Amino acid sequence: MGRMLLACRLAARDVRRRPAATVLLLLAIAAATTVLTLGLALHGITSQPYQRTRAATNGPDEVAYLATPAQATALARAAGVTGASGPYPVAGALVRAGGLVAAAEAQGRGEAAAGVDRPALTAGTWVRPGGVVLERAFAEALGVRAGDRITLNGRWFTVTGIAVTAASPPYPDRCAAGCVVPFPPGAGRWRADVGLAWVTEPDARALAASDRAPPAYVESLAIRDPAAARQVAAAYNDAHHGAGAPFLVPWQSIRAADGVMIQAERQILDPGAWITALIAVASVAVLAGGRMTEATRRLGLLKAVGGTPGLVAAVLLAENLAVALAAAGAGLAAGWLAAPLLTRPGAFLVGAPGAPSLTAPDAGLAVAVAVAVALAATLAPAIRAARASAASALADPARPPRREGALIAASARLPVPLLLGLRLAARRPRRAALGAATVTLAAGAIVAVLTFRASAAAASRAIAGGTNGPGYPVFARDEQVLTVLTVVLLTLAAVHAIVTAWATALDARRPAALAGALGATARQVAAALAAAQVLPALPGAAAGIPLGIAALAVANGGGRVTVPPAWWLAGATAGTVLAVAALAAIPALIGARRPVTEILKADAALSLSAFRHRRQVAGGAPEAPVGGDQRRVQRYRHGDVEGIADGERPGRLKQRPERPPAGTEGPQGVNARCGACEPARAAEPAGRRQHLGVEMGRRRHGRGREPGLKVVLLVAAGTTNAEIAGELFASVRTVEHHVQHTLAKPGFRSRADSAARVAAGRLPAA
Amino acid sequence: MGEDAGACVLRARGLCKTYGKDAGLVRAVDGVDLEVAAGETVAVMGPSGCGKSTLLHLLGGLDRPTRGEIWLAGRRVDRMSEKALARMRRSAVGFVFQAFHLMDELTAVENVELPALLAGHPPRAARRRAAELLDRVGLADRAGFLPAALSGGQRQRVAIARALANEPLVVLADEPTGNLDSAATVEVLRLFDGLHAAGQTLVIVTHDSRIAATADRMIAMRDGAFIDETRLAGGTRGDLGALAGLDG
């Protein structure tokens, strides 16, 4: 229990120490969870709403389309029919509403509620003479509300209400399952998108008369076995064919046509969810990679001072689990809030409006994915730290840079920012590739949206045949889905760009500082850091163009897509690259502003880390943001260090209280002693130095203490083996030996708690 | 300062660098006056933390003094803009660090040519100059090696070649032998000696009395201030082996 607490404390401390990295991790995982939540919510909708509408409106099992009312009588008597409404006369009508023109099927209904198929009003009241009720998706496409005035075949009607029905798929798929007025009068040519309107029976007949065509008829039937409606319809339609013969449409066909719309959305959203999840994983991978050096070293540290592998794993788990859970919560909330944006236009069915239901398993799945992503980020350093000996984990940077000889040679011809930028990018080819892939996806998403708009506009023009038709709710909805998805994708891509730029800036601290020392200006260095992002982004953005168009063509079922104008594409590509540059500039500027001297010094400053450690031991004084020089100087001023062969400054060494009893020997004394190695080094003959500072410690200070312990406590102070070796004039191997040797001793390993405190920078008083 | 610009390459007056405030005020460099003549080698010695490195960073324009003035080749450096400072570092100053600070992914010759490329020299000329310099430090056969494949002494020699890439007025070396064993120290020592002989102005900050002994002047520093100055007329050339303690 105490260990878990300790692990949590260490994890919390780590999170606090690096808020920016934690926030980025949070954002990446939250974005992935958001899209996943959206996908799951939409998934729920597609399987639910028709059934609910059918129940709410007492929907028909079969819809019969008839040429004459007489056919209805025969049909109602047919075996298995248990209820019927109608037959209702149907007239073709040309609807004009506020400048828009659309074709509609006008059904003549009784003013009283029918037995089967009672359209459910979502606004206003049911039909009355001179009044029309519009199917909801149709009304939305026309932009008409209850109370508005529209004309049907030139006659004025008041829209008394808006309703949904289970007897027909919503606009514009009215005829997907079957309809009887395929040729609306005056529409100029055949239109696929036919709306549904309900008027009174006399009005319907009058509309038919004005059209100088006899009305057709429609009847809604309930049958004994609704599950068998498809077979009943098939049998009936087989038995009655020919011109003027009635035909049946089973409710299953209507449901299928109804689902088509949301199916299309899912076709967009499902791959979208995958892509976003992939980008999130990529971001997390880059984040983890950026922190790998530090994480490995930190875990090695825990191990070196006696932390068990269990404790080490627990610390990592606690940290990433907390982040993942927070991100999952945020993602679930965001997805839940964003889902109505997608489903609102689809709310043509009674059961489907508003916030989609998010079931417990769905939420659980989203959380599980978030946790899995975070754990994946933990895995690499955890395995590394568990496998590697503490010594090698502490040795040196976890990942040496790559060398791309051809690129380095080629870059020599470029101006300084590009020269440095290309070399920086080439140091981490995998990171650059991930960045390029993300930009490709982001640019692809933008291109897909643009292509969709162009294609939708072209399709609308083709179908409408030049007339002034209403918009297509399907297109509008698909576009909304695409847009929401694109926004999420772009957010993620932006997060990824920042993450990559941050990791690059972190990774490039030393080369950037070095370039500064060699005469590159701060602006050149910042431009180079930004260029390291932009260079891989360029081919990435270019690749996004074919990707976006191809993806849309695939989503379209191989259908034709209209390629948007070239300048749209060029603008999208350039915009993406510019955005990457802008996002990369932030960490780049911060990175370039860091003082050169501090970075170069921190790189090899053993004394610095030893000092930092000692100071925490000594007073626990808050660590002020001071430069390395200050620390060094303070250290000197405190009298910790003797000068070269000078006795005039009695060191803290000599004033140090007596050594604590063996069981509790803390790192203080040892560390202070280490400070004394430096003068020793200068005074010792060169030959002796090969023999490690241990020997010096013994001779000069007369304390024959455990040599390895000093090494380990230097280790605990955050010093790498190489630095220790440099300081003590021993080889790295010797230091490694001492680290391992000491860890093997009993009594050391058991003090996991104090060890972890060393790692946390908080040492017990004694 | 124009009149002595020819003789005096580097000049500092009343140089101060402080960190912190009030009780936490730390004077890393505290009122340093220094003049380095052209062709002179100056060694600054002192215990760890006495402000040697800070002084070197101030002189080289890597850091800015809190107070005081620095002239490099007759131009006042401490008031320059960041950009001008960078240009100055590029053309007039060469740095040698204790930890070498070579770019790990660049070969020896690529490391050496980097300052020339940063200064905008044509790649071909930069490469030619880098090859010459590597030859001068005795590493012509190691030009294509990565730093990881070089010994410590070789790496430091590459770093010295890099410091010379733009023919700087002054080379500033910060503990150049601090990370080296005796044999490598002698190699580097010999190299500095050669530079000295060729008339290169050198400021070396060191712990190592042997390297200090090759200088024209040795300055002892303590608590950010110069406390002693010794003129070692004629240097100690020709006697390196004995100096380095290799005989016995």
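Helices, like strands, are here DSSP runs numbered from the N terminus, and a helix has at least four residues. In this sense Arg205(A) belongs to helix α6 of chain A, which covers residues 201-210. The model discussed here is a predicted one, and the report takes up two residues of chain A before turning to chain B.

**Two residues of chain A**

Arg205(A) has 16 C-beta neighbours inside 10 Å and therefore counts as partly exposed, since that class lies between the limits of 12 or fewer for exposed and 20 or more for buried. When residues up to four places away in sequence are not counted, Arg205(A) touches Pro89(A), Gly108(A) and Pro215(A). With Pro215(A), which lies 10 residues away along the chain, the C-alpha separation is 6.7 Å.

Thr200(A) sits in strand β8 of chain A, a strand formed by residues 194-200. Because 19 C-beta neighbours lie inside 10 Å of Thr200(A), this residue counts as partly exposed. Its contacts, leaving aside neighbours within four places in sequence, are Gly108(A), Arg109(A), Glu111(A), Val127(A), Arg128(A) and Pro129(A). For one of these, Arg109(A), the distance from C-alpha to C-alpha is 4.9 Å, although 91 residues separate Arg109(A) and Thr200(A) in sequence.

**The sheet of chain B**

In chain B, six strands form an open sheet with mixed pairing, and their order is β6-β7-β8-β3-β9-β10. The edges are taken by β6 (93-96) and β10 (225-231) of chain B, each of which has a single partner strand, so that one side of each is left without a neighbour in the sheet. From one strand to the next, the twist averages 20 degrees.

The edge strand β6(B) pairs with strand β7 of chain B, residues 170-174, in the parallel sense and over four bridges. Within this pairing, Val93(B) has Val170(B) in β7(B) as its bridge partner. Helix α6 of chain B, made of residues 182-197, lies across β3 (41-45), β7 and β8 (201-206) of the same chain B, and runs at about 150 degrees to β8(B).

**A helix pair in chain B**

Helix α3 (residues 108-118) and helix α5 (residues 152-163) of chain B pack with their axes 7 Å apart and at an angle of about 25 degrees. Because angles under 35 degrees count as roughly parallel, α3(B) is roughly parallel to α5(B). The crossing in which α3(B) passes α5(B) is right-handed. On the side of α3(B), the residues that meet the other helix are Ala108(B), Asn111(B), Val112(B), Leu114(B) and Pro115(B), while α5(B) supplies Val158(B), Ala161(B) and Arg162(B). Taken together, the residues of this contact between α3(B) and α5(B) divide into six nonpolar, one polar and one charged.

**Positive phi in two loops of chain B**

Phe100(B) lies in the loop between β6 and α3 of chain B, and the loop between β9 (217-222) and β10 of chain B holds Asp223(B). The table sets out their phi values, each of them positive in a residue other than glycine.

| Residue | Phi |
|---|---|
| Phe100(B) | near 70 degrees |
| Asp223(B) | near 50 degrees |

Phe100(B) counts as buried, because 22 C-beta neighbours lie inside 10 Å. Asp223(B), with 19 other C-beta atoms within 10 Å, is partly exposed.

Technical notes. Residues are numbered from 1 along each chain as its sequence is written. Chains are lettered from A and ligands numbered from 1 in the order in which they are written. This is a predicted model: local features need pLDDT of at least 70, side-chain atom pairs count only at pLDDT 80 or more; totals for chains, interfaces and linings use all residues. Two residues are in contact if their C-beta atoms, placed from the backbone, lie within 7 Å. Two strands pair if DSSP finds at least two bridges between them. Axes are lines fitted to C-alpha atoms, for helices over the stretch in contact, and angles run from 0 to 180 degrees between N-to-C directions. Angles under 35 degrees count as roughly parallel, over 145 as roughly antiparallel, 65 to 115 as roughly perpendicular and the rest as oblique. A crossing is left-handed if the near helix is turned anticlockwise from the far one by less than a right angle, and right-handed if clockwise. Ala, Val, Leu, Ile, Met, Phe, Trp, Tyr, Cys and Pro count as nonpolar, Asp, Glu, Lys and Arg as charged, and the others, Gly among them, as polar.
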